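Please look at the sequence and the structure shown here, and keep an eye on the aromatic side chains while reading on.

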Amino acid sequence: MQLIDIDKSLYRKRLNIVIGLSIVCLTFFSISYGAILIQLFGHALPATHPETGEPLSNFRFNFVGVILGLLTCISILQQLKNHPFCYEIHYVMKLKQIHNIIYRRLKNIKKAAENYETEGDINAFIVLNYYYTSLKQVYLLDNNTLTLSSLARDMEALQERMKALNVEVNTDQFERVMLIDYR
């Protein structure tokens with residue numbers, strides 16, 4: 001996946017709109033489904049507990065309504081993810097998925113980069129360079145400035161290591177299939 005420049009203000013604006021609409025839709029669908037379920041099946045159950053005489057709540061119908069509302073919202077978001085309005089959001093989501101995969105294999109990737117002299121695995125450097133560069137982009141887009149200093153140290157250490165080994169890579173060389181080697 002190629003890294004592209006994203007307008008931070010546009011991304012944040014669209015993300016906030018999508019989050020807000022998702023909350024509104026989830027609320028609407030949950031209440032609607034709950035009310036429909038209560039209307040359809042509420043009369044089929046006794047109004048009070050047979051042994052204690054306490055009134056029974058409609059919690060189970062409302063809970064199922066929330067689950068159905070959540071599934072409806074997920075379905076709508078899945079259908080809209082390729083819409084031009086959601087382009088930046090979907091791009092960042094895909095980057096975060098790749099980050100998750102790389103993070104789970106990071107120990108093996110770093111080990112391969114350390115053993116470059118013996119194994120000659122340049123893909124480890126390509127993956128690490130892509131990971132750090134794309135992570136910085138996502139951190140800046142999400143205003144996650146707390147970990148930027150740590151990331152900058154990791155990026156600098158990687159650049160120094162590559163310079164010492166006379167290795168040159170760029171983010172355009174990264175392909176997701178490279179991650180298969182580091183399970």
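The paragraphs below go through the aromatic rings of this structure and their surroundings.

The model is a predicted one, and it holds 6 aromatic pairs. One of them is formed by Phe 59 and Phe 63, whose ring centres lie 6.0 Å apart and whose planes meet at 20 degrees; since planes under 30 degrees apart count as stacked, this pair is therefore a stacked one. Both residues belong to helix 2, which covers residues 59-80, and because they are 4 residues apart there, about one helical turn separates Phe 59 from Phe 63. As for their surroundings, Phe 59 has a relative accessibility of 58% and so counts as exposed, whereas Phe 63, at 47%, counts as partly exposed.

A second example is the pair of Tyr 131 and Tyr 132, where the ring centres are 5.7 Å apart and the planes stand at 45 degrees, so that this pair is described as tilted. Here the relative accessible area of Tyr 131 is 6%, which makes it a buried residue, and Tyr 132, with a relative accessible area of 6%, is buried as well.

Aromatic residues also come together in a group, for Phe 28, Phe 29 and Tyr 33 form one aromatic cluster. A ring can have a charged partner too: Arg 60 lies over the face of Phe 61, at 5.7 Å from the centre of that ring.

How values were computed: Residues numbered from 1 in each chain as written. Predicted model: local features only at pLDDT ≥ 70, side-chain atom pairs only at ≥ 80, totals over all residues. Heavy atoms only, no water. Phe/Tyr/Trp six-rings, centres within 6.5 Å; stacked < 30°, edge-to-face > 60°. Helix = DSSP H or I, 4+ residues; strand = E, 2+ residues; numbered from the N terminus. Buried < 20%, exposed > 50% of the residue type's maximum accessible area, 1.4 Å probe, protein only. Lys NZ or Arg CZ within 6 Å of the ring centre and 35° of its normal.
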